[in-house]
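Here are some short exercises to work through with the sequence and the 3D view open. Try each task yourself before you read the solution.

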Amino acid sequence: TVTMAVVDFIQVALFFASVVLLQRDLYNKMQKGAYALLASGSIMVLLGGIMKAVWKILYALEVCDYQVLDLSFFTLQGVGFLLVFLSLAGMFTKYNRRGICVNSVGTVPIFTSGMPFVIIQVIGCAGMQWCLFVIALKMKKHSAAALYVLSFVFMLGMGYLSAKFDDSSSMHWIAQGTNIVSQGTLFVGTWMIHKAGLAEKTACILK
């Protein structure tokens, strides 16, 4: 339905709000190459989510079934989440402290099979959540750390639902609710470490 497609934008907005907070707090703490990965990965995830929602709207309105938009979802989000993970993980390495940065340029193809990108997306999501979990613990924000764990659990729930998906309306709404909770807890956790002074404390956190 159109309503379901519009709800898709909520979870996309929640994720993007989370990474915007991270970008603001980490802008002066990351090497330019790492920050470019964070920014570009975030934009790719955003675009993937928007394309998926637009495809649903067009399909619900019986305008067309433009499957390229649907296929772009896992392609863009898989690579996007992986880039976000790599940018955050890079902050904990000696390379970030030595000022060595890597610039990455790539072309993202669209395949009819999204399975490789589903795997990449899972790795990227898990890695991103782990990095944020570690940061929250180092800041002694255990409630934020717990929210990141909860967010990841619901992300895994999305994977389980995908395996059991029967294309019914109720299943769609369950999946939407699960994803909104996942992205919502991610945003709240990120907001908590942002308010706790992530921008000022990043240097000592990464020692």
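The exercises below go from confidence to single residues, a charged pair and the core.

**Exercise 1. Confidence**

Task: Find where in the chain the confidence is lowest and where it is highest.

Solution:
- Start with the whole chain: this is a predicted model, and its pLDDT averages 78. A score of at least 70 is reached by 77% of the residues.
- Next, go through the elements. Confidence is lowest in helix α4 (residues 94-98), with a mean of 50, and highest in α2, with a mean of 86.
- Then look at residues 97-113, where the pLDDT is below 50. Beyond near neighbours in sequence, this stretch has 24 contacts in the model.

**Exercise 2. Helix α2**

Task: Compare the span of α2 with the expected one, then work out how I43 is classed by accessibility.

Solution:
- Count 29 residues in α2. From first C-alpha to last, the helix reaches 42 Å, close to the 42 Å expected at 1.5 Å a residue.
- Step past the end of the helix: α2 is followed by E62, which has a positive phi, near 60°.
- Now pick I43, which is found in α2. Its relative accessibility is 44%, so I43 counts as partly exposed, since that class lies between 20% and 50%.
- Finally, set I43 beside Q77: the two are 34 residues apart along the chain, and their C-alpha atoms are separated by 9.2 Å.

**Exercise 3. A glutamine in α1**

Task: Decide whether Q23 is buried or exposed, and find the polar partner of its side chain.

Solution:
- Place the residue: Q23 lies in helix α1, which covers residues 2-26.
- Check the area. Q23 has a relative accessible area of 15%, so it is buried, the cut-off being under 20%.
- List its contacts, leaving aside neighbours within four places in sequence: Y35, L38, A39 and S42.
- Pick out the polar partner. The side chains of Q23 and S42 make a polar contact at 3.3 Å.

**Exercise 4. The charged pair**

Task: Find the salt bridge and say which helices it links.

Solution:
- The count comes to 1 salt bridge. D8 and K56 form it through their side chains, at 3.2 Å from N to O.
- Locate the partners: D8 is in helix α1 and K56 in helix α2, 48 residues apart, so the pair links distant parts of the chain.
- Check the surroundings. D8 counts as buried because its relative accessibility is 4%, and K56 counts as buried because its value is 17%.

**Exercise 5. The core**

Task: Name the residues that touch the most other members of the largest nonpolar core, and the helix that supplies the largest share.

Solution:
- The largest nonpolar core has 30 residues, of which L88, M128 and I193 touch the most other members.
- At least two residues each come from α1, α2 (32-60), α3 (67-90), α5 (115-138), α6 (142-163) and α7 (169-195). The largest share, 7 residues, is from α5.
- Zoom in on M128. Not counting residues up to four places away in sequence, M128 touches F15, F81, V84, F85, L88, M155 and L186.

**Exercise 6. An alanine in α6**

Task: Work out why A145 counts as buried, and which residues it touches.

Solution:
- A145 lies in helix α6. It counts as buried because its relative accessibility is 1%.
- Not counting residues up to four places away in sequence, A145 touches F133, A136 and L137.

Methods: Residues are numbered from 1 along each chain as its sequence is written. This is a predicted model: local features need pLDDT of at least 70, side-chain atom pairs count only at pLDDT 80 or more; totals for chains, interfaces and linings use all residues. Side-chain values use heavy atoms; hydrogens and water are left out. Helices (H or I, at least four residues) and strands (E, at least two) are DSSP runs, numbered from the N terminus. Buried means under 20% relative accessible area, exposed over 50%, partly exposed in between (1.4 Å probe, protein chains only). A polar contact is a pair of N or O atoms within 3.5 Å; within protein, one must be able to donate a hydrogen and the other to accept it, and residues adjacent in sequence count only if both atoms are side-chain atoms. Contact means heavy atoms within 4.5 Å. A nonpolar core is a set of buried Ala, Val, Leu, Ile, Met, Phe, Trp, Tyr and Cys residues joined through side-chain atoms within 4.5 Å. pLDDT is the predictor's confidence in each residue, from 0 to 100. The expected span of a helix is 1.5 Å times one less than its number of residues. A salt bridge is a side-chain nitrogen of Lys or Arg within 4 Å of a carboxyl oxygen of Asp or Glu.
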